[in-house]
Amino acid sequence: LNTIELADGVKGVYSDSFNNCGRIKNAVLPANITGKFTWTYLETLTVRGGGEIPYETFKDCGELTTVTVENAGIGNKCFYNCSKLAKVTLGENVSWIGFSPFQGCKNLKYNGYDNALYLGNNNNPYVVLIRAKSEDITNCTISDKCKVIGTYAFRDCSGLTSVIIPDSVTSIGDYAINSERDFRKTHQKIPNKIENSLQMIA
């Protein structure tokens with residue numbers, strides 16, 4: 001067995017559920033599934049449907065190279081330390097990104113625009129702003145195709161004085177900048193529809 005596809009109604013899988021099924025290299029899974037998937041040989045993954053991929057679900061999948069997430073939110077450290085992960089495709093309706101979902105993914109290729117790094121798809125490479133290009137940036141104009149600003153995106157950018165957010169953005173992750181107070185001080189534009197999504201930190 002090298003390919004597995006689970007129906008949308010499946011909600012939980014034990015970490016050793018498929019231990020005796022050979023080398024699973026390809027998986028299609030529903031978003032709301034629970035369990036840790038430390039499948040040694042997993043190379044490609046597609047996550048279908050809405051909901052949220054839970055915390056650390058695919059942490060340390062060392063052979064994983066390609067991930068497609070159609071619509072789901074991506075939980076904290078979801079793909080942490082997937083060192084061979086090189087390509088992530090995100091659908092237009094991905095609604096939320098937790099903190100450090102791709103930390104340790106040293107081969108992952110991002111899409112750059114101005115002073116930020118994004119992930120998306122062939123039609124829109126800027127669906128989600130993952131993080132700043134550098135902690136040293138002082139300003140950022142966010143792509144007008146961006147829909148989500150990820151958690152901690154600008155948190156360590158202590159010299160940031162200007163962020164321009166387009167109307168396309170519908171969600172800003174927690175702690176996207178040092179604090180709500182700092183965000184309001186540095187921003188040049190916040191669309192009304194996300195005004196209430198900013199989180200107080202300090």
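A contact here means heavy atoms within 4.5 Å. With that in mind, start with the whole protein chain in view: among contacts between residues at least 6 apart in sequence, 24% join residues at least 24 apart.

A word on what you are looking at. This is a predicted model, where local features need pLDDT of at least 70 and side-chain atom pairs count only at pLDDT 80 or more, while totals for chains, interfaces and linings use all residues. Residues are numbered from 1 along each chain as its sequence is written, and side-chain values use heavy atoms, with hydrogens and water left out.

**Stop 1: the whole chain**

Switch to a cartoon view and you get 1 helix and 15 strands. Helices (H or I, at least four residues) and strands (E, at least two) are DSSP runs, numbered from the N terminus. Now try a surface: the accessible area comes to about 9700 Å², and 43% of that belongs to carbon and sulfur atoms. Such areas come from the Shrake-Rupley method with a 1.4 Å probe, and for residues only the protein chains shown count as cover. Of the 202 residues, 43% are buried. Buried means under 20% relative accessible area, exposed means over 50%, and partly exposed is in between (1.4 Å probe, protein chains only).

**Stop 2: two cores**

Select F58, F79, L85 and F102. In the largest nonpolar core, which has 37 residues, these four touch the most other members. A nonpolar core is a set of buried Ala, Val, Leu, Ile, Met, Phe, Trp, Tyr and Cys residues joined through side-chain atoms within 4.5 Å. Color β2 (26-30), β3 (44-48), β5 (66-69), β7 (87-90) and β10 (128-132) too, as these elements each give two or more residues to this core. Zoom in on F79: leaving aside neighbours within four places in sequence, its contacts include L45, V67, I74, P101 and C105.

Apart from this core lies another, of 20 residues; to find it, pick A116, C146, L160 and A176, which are among its members. As a general point, nonpolar side chains in soluble globular proteins tend to be buried together.

**Stop 3: strand β9 and its partners**

A116 also takes you to β9 (residues 116-119). Are the faces of this strand covered or open? Both are covered, with A116 and Y118 buried on one side and L117 and L119 buried on the other. In a regular strand, side chains alternate between the two faces of the sheet.

Next, add β8 (residues 111-113), which pairs with β9 in the antiparallel sense over 3 bridges; two strands pair if DSSP finds at least two bridges between them. N111 has Y118 as its bridge partner. These strands form a hairpin with 2 residues between them, and D114 in the turn has a positive phi of about 50°. Then show β10, which is antiparallel to β9 over 4 bridges, and look for A132, the bridge partner of A116.

**Stop 4: I149**

Jump to I149 in strand β12 (residues 148-149). Why does I149 count as buried? Because its relative accessibility is 2%. Beyond four places in sequence, I149 touches nine residues you can pick out: L129, I142, F154, I165, V169, S171, I172, G173 and A176. Its C-alpha atom is 9.2 Å from that of Y118, 31 residues apart along the chain.

**Stop 5: two loop residues**

Most residues other than glycine have a negative phi. Select K77, in the loop between β6 (73-74) and β7, and you find a positive phi near 55°. K77 counts as partly exposed because its relative accessibility is 23%. Finish at Y152, in the loop between β12 and β13 (162-164), where phi is positive too, near 70°. Y152 is partly exposed, at 25% relative accessible area.
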